[in-house]
Structures are given as C-alpha cells and as structure tokens.
Amino acid sequence: MEFMNNGKLAQQLLEEAIRNKASDVHVEPLAKEVRVRMRIDGLLQELCRLPQSSYSSLVSQLKVLSSMDIAEKRVPQDGRWQLSYAGRSIDLRLSTLPTINGEKVAVRILDQEQGMRRLEDLGMSSQNLKTYRGLLAASHGLFLFTGPTGSGKTTSLYATLRELQQEGLNLVTVEDPVEFKLEGINQVAVNRKAGLDFATGLRSLVRQDPDIIMVGEIRDRETAAMAVQAALTGHLVLSTLHTNSAVGAVARLLDMGLEAYLLAAALRGVLAQRLVRRICSHCAEYYTPTAQEQQFLQLATQQREEPLMLKRGRGCSHCRYTGYAGRLAVQELLPVDEYMGDLISAGAGKAALLSHGAALGWRSIYADAVAKVLAEQTTVSELWRAGIVGEEIAATMHYGSSREAQYVH
C-alpha cells in the first residue's frame, strides 16, 4: 500500500494499522530508508517502507500529536493522544528511543472495541470456565494470572472485572498504566514520579471500603504481602505475576519472602496462559500432519482407523497471507482448596501440588493447546512458535534452528 508523503502521513499509517487490528506500530529509521511495521496477532508485519526524506516529517507529526518536544532527540520521550476513527475514539501511546540512525518510534494502539473481551471470548475451555466462575464466586481470597509479557493477562483481568461488576459492589484497581477505562470501576494509575506505586496504591485502596481489588502486577514483597493481607481480611484480590506456569506462582511468592501459611490461607487459584493465533476461517483447509506433528500430538490421540486430519490456513487477503486471523488463549487453571493449602503450608513440591491439582481438574497448558489443535482452532506450527511443548515429550522432540520457518505452511 502506498502512502502520501504529506502532513497527514502519520494519520494515514495509524488508520491503516487500526483497520488491520494491529496492537502496535513501529517506525524504524534504517541507513537509507524508513521501515514501518505493525504488530498483528503478536507478530510484526511490514506495513511499508518510506524514503529517508519522509522520516523527519513523520516523526515530527507524531511528536506534535502526542504533545512531545519535537526539538529533543537525545533522550527517550513518552506521550499519548486520541485518534477519531470510524466513529470511535482510539487511545494511542507513543514512545521514542534514540538509535544510531535516529529516533525509533513505537505507538501502542488501545482500541476499546478490540481490547475488551468477555470471559467466553478468551478461548477458555468449558471445564475451565465453569471452574473459574466457581472460584470467582468466593467473597475473599487472592486469584493470580500468570504468564510472560504479551500473554493476555491484562485482557483476562479486564474480562474478569466485567464479569464481577454489579450494583452493590465497590471495584477498585491500581494499574500501570490504565489501558482501558471501565465505566463504574474506580481505576488508579501508578505514578512513580509522584510516589504512587503498586504498594502505596494498594495501601490506600484498602481504606476505600473495596469489595474487589485489582492490582496490575505483583513485583515485590511489599505488594505481595499487602495483597495477601487484603485477601485475608475479606477482599477478593486479583493480580498478575510473571511466571511460566500456574504452580510456579507459589514458588515465586515464597521466594519473595511470603510466609507459606499466609499464602496457603489467601490463595484461591492461579490461571496461567499463552496466546496463540487462530486459523483463518476464510482459507482454512485440511491436511495430513507430518510424522513429527503426530509425535507431538501422540499423548492426546488414539489409534485411528483413518489417518488423522488437521486444519491450517492456506493464506489469503483476509489474513494478509499468514493463515491466521485473531488469537485465543491456551491456559492451565490451578484451583486451590483446603488440602492444596495444607500442601503449600507444608512446603510440598511441584509434583505433589500438580498431583492434587489434577484431581481438582487441572490440566497443563500443553494439554489445553493440543485439545485446541484437535478442535481445529490453531495449529501445531503455532504451538511450536509459542514454545508450548509438554514436559513429557520435550526430551524426545528435535527441532531445527527455526521451527517456524521449517514448518510454516
């Protein structure tokens, strides 16, 4: 697609990204030209390349829109503004970074229409959804969402808040930053320059007579201890933690210095997740999986009279020839009942916790992911790209240097 090199270039690029449901736009100065990429479904795709002569004007337009100092090019800057598109207001957050070729610009696109989801829209299995709603019915306790950056934890948090929101309840959040504004919920933005961090925000929230508290992230012992204390004193507390698995959240909080008996008394459950791309419905086709793909799925498949057939996207204009359109979560939900609490208090290891978790309905992210491959929602190639491999077979799988390139269809 070609873009006019005029005073509206910045808006043209952003509108094209919004049309493609991108989450971010990157303006990257190279030695002889400017590369513009957009992140769609978690992966960067090139939008266009512009001549070097367009660079200064484009960056200046973006800086003016976000109320930045256009003369300052030596240090990073942050700004934000709103863009009107198709009758709705889109929040945009801009960040600049000085590089050897000039300022690199990243724009985060926060589209309320795209960002807000219901629990039913997250890709949660029917069993996990039933169990999860049962856990949310508790009047107090700590519930955690875990996963790496970009795994959809915040989206799941917002969907949960929408599920819990009702007349007669006081919902209060402290976030860094507030990504989406929720009507009827009191949201507080972290402001470290003013001395407002998660711990100080949480300390103030508990004096606001809350029923439900959402803390954007637990990063240190002080915040963790206050979240646990709030959960033990009659509040339902939701937060996130950077761990790769649900059971890993227990070890992380203990490593932060929490007392095991307090964590055991407060914790109600942990939801760990990753995001994988959905097969494009416009170009989906059946194919016979390779021997290695069948090996990957062997724990979830049985002997069949007919060959196993899976789905993949062939690639079309609707999905920008990637074979994927949209994303869904693959998850593992670890409920914590009284006996699980006893195991945590006693310092039980991962195997013991997961053994009891399995009796409560827990199944691994890998098992959930395989189920969604067999349900024709995503592909084995996508699971490999996301690094989702079951521990049971990880040692027997041998990948090339580029799994995505080797198995892309």
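Biologist: Let's start with Asp24: is this residue buried or exposed, and what is its relative accessible area?

Modeller: This is a predicted model, where local features need pLDDT of at least 70 and side-chain atom pairs count only at pLDDT 80 or more, while totals for chains, interfaces and linings use all residues. Residues are numbered from 1 along each chain as its sequence is written, and side-chain values use heavy atoms, with hydrogens and water left out. Buried means under 20% relative accessible area, exposed over 50%, and partly exposed in between, using a 1.4 Å probe and protein chains only. Asp24 counts as buried, its relative accessible area being 10%.

Biologist: Which residue does Asp24 meet in a salt bridge?

Modeller: A salt bridge here is a side-chain nitrogen of Lys or Arg within 4 Å of a carboxyl oxygen of Asp or Glu. The N to O distance in this pair is 2.6 Å. Asp24 sits in strand β1 and its partner in strand β6, so the bridge ties together parts that are 84 residues apart in sequence. The partner is partly exposed at 35%, and its name is Arg108.

Biologist: Which strand holds the partner of Glu382 in its salt bridge?

Modeller: Helices (H or I, at least four residues) and strands (E, at least two) are DSSP runs, numbered from the N terminus. Glu382 pairs with Arg277, with the closest N and O atoms 3.0 Å apart, and both residues are buried. Glu382 belongs to helix α14, and 105 residues separate it from Arg277, which lies in strand β12.

Biologist: Which residues join Asp176 and Arg192 in a network of salt bridges?

Modeller: Asp176 and Arg192 bridge each other, with N and O atoms 2.7 Å apart at the closest. Arg192 lies in the loop between β9 and α6, and Asp176 in the loop between β8 and β9. Linked with them in the network are Glu217 and Arg219.

Biologist: Glu332 has no salt bridge, so what is its nearest side chain of opposite charge?

Modeller: Lys and Arg count as positive, Asp and Glu as negative, with His and the chain ends not counted. Glu332 is buried in this model and lies in strand β15. The nearest side chain of opposite charge is 7.1 Å away, and belongs to Arg274.

Biologist: Which backbone nitrogen lies 2.8 Å from a polar atom of the Glu332 side chain?

Modeller: A polar contact is a pair of N or O atoms within 3.5 Å; within protein, one must be able to donate a hydrogen and the other to accept it, and residues adjacent in sequence count only if both atoms are side-chain atoms. The Glu332 side chain reaches the backbone nitrogen of Ile365 at 3.1 Å. At 2.8 Å, the backbone nitrogen is that of Ala246.

Biologist: How wide an arc do the buried residues of α6 cover around the axis?

Modeller: The buried ones are Phe198, Ala199, Gly201, Leu202 and Leu205. They are on the same side of α6, because their arc, taken from the directions from the helix axis to the C-beta atoms, spans only 165°.

Biologist: Which helix gives the largest share of the largest nonpolar core?

Modeller: A nonpolar core is a set of buried Ala, Val, Leu, Ile, Met, Phe, Trp, Tyr and Cys residues joined through side-chain atoms within 4.5 Å. The largest one has 58 residues, and Leu267 is among those with the most contacts inside it. The largest share, 6 residues, comes from α7.
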